[in-house]
Amino acid sequence: MKEWLDNCIEKLKAGELTEADLRGVTTALDSEKQLLLYLYSKSTNLRSSLGGWALYDATAPDEPVLPSQDAPYTSVLDAVNDGWRIVQFPRPELYNFTDVDNAYLTYEFILEKLV
């Protein structure tokens with residue numbers, strides 16, 4: 001998208017920008033799909049290591065995709081540095097697992113990327 005807009009700016013500067021160019025930007029915006037990445041961190045710290053993850057791709061089947069056993073990032077901060085945007089931070093008060101042994105999937109961060 002950025003490349004498309006940069007191209008339109010260059011055409012505008014050269015006096016060559018057309019309605020078709022701008023409609024192309026609209027078409028590109030309409031075709032964007034949202035990817036959701038769930039990262040389960042070991043704390044609320046963005047630099048903490050991950051305990052689990054799942055990727056939801058709007059262009060793929062309805063099941064979560066786990067392309068490998070290795071998480072795509074080492075931390076939430078690494079994902080943010082790669083262009084993912086955090087849409088939900090974990091709420092620590094929801095994770096009081098004193099009577100069960102499932103605390104390995106605790107601090108859930110939800111991130112999005114438009115492709």
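Two aromatic pairs turn up in this predicted model. One of them brings Y38 and Y56 together edge-to-face, with 5.3 Å from centre to centre and 70° between the planes. Y38 sits in strand β1 and Y56 in strand β2, so this pair links parts of the chain that lie 18 residues apart. Y56 counts as partly exposed, because its relative accessibility is 33%. F89 and F109 form an aromatic pair that is edge-to-face as well, at 5.9 Å centre to centre and with 70° between the planes. Here F89 belongs to the loop between β3 and β4 while F109 belongs to strand β4, so the pair ties together parts 20 residues apart in sequence. What about cover for these two rings? F109 is buried, with a relative accessible area of 0%, whereas F89 comes out as partly exposed at 48% relative accessibility.

Stepping back to the overall fold, the protein has three helices and four strands. Along the sequence they follow the pattern α-α-β-β-α-β-β. Strand β1, residues 34-41, runs antiparallel to strand β4, residues 107-114, and eight bridges join the two. Within this pairing, L35 has K113 of β4 as its bridge partner. Strand β4 also pairs with strand β3, residues 85-88, again in the antiparallel sense, over three bridges. In that case I86 is the residue standing opposite L111 of β4.

Next comes the nonpolar core. In soluble globular proteins, nonpolar side chains tend to be buried together. The largest nonpolar core of this model holds twelve residues: L35, L37, L39, L50, W53, L55, Y73, V76, A79, W84, F109 and L111. At least two residues of this core come from each of β1, β2 (50-57), α3 (76-81) and β4. F109 thus appears both in the core and in an aromatic pair with F89. L35, the bridge partner of K113, is a core member too, and so is L111, which faces I86 across the β3 and β4 pairing. As for A79, leaving aside residues up to four places away in sequence, its contacts are L37, L39, Y73, W84 and L111. Each of these five contacts is itself listed in the core.

Away from that core, D21 is worth a look. This residue lies in helix α2, residues 19-30, and counts as buried because its relative accessibility is 14%, below the 20% cut-off. Which residues does D21 touch, not counting those up to four places away in sequence? The answer is W4, C8, K11 and E16.

For the protein as a whole, 26% of the 115 residues count as buried. The accessible surface comes to about 8,100 Å², and carbon and sulfur atoms account for 52% of that area. Among contacts between residues at least 6 apart in sequence, 56% join residues at least 24 apart.

A word on confidence is due before details are taken at face value. The average pLDDT of the protein is 81, and 81% of the residues score at least 70. Confidence is highest in α3, with a mean of 96, and lowest in α2, with a mean of 80. Helix α2 is also where D21 lies, while α3 is among the contributors to the core. Where pLDDT is low, the predicted coordinates should not be read in detail.

Terms used
Residues numbered from 1 in each chain as written. Heavy atoms only, no water. Pairing = 2+ DSSP bridges. Buried < 20%, exposed > 50% of the residue type's maximum accessible area, 1.4 Å probe, protein only. Contact = heavy atoms within 4.5 Å. Areas by Shrake-Rupley, 256 points an atom, 1.4 Å probe, with all protein chains shown as cover. Core = buried A, V, L, I, M, F, W, Y, C linked by side-chain atoms within 4.5 Å. Phe/Tyr/Trp six-rings, centres within 6.5 Å; stacked < 30°, edge-to-face > 60°. pLDDT = per-residue confidence, 0-100.
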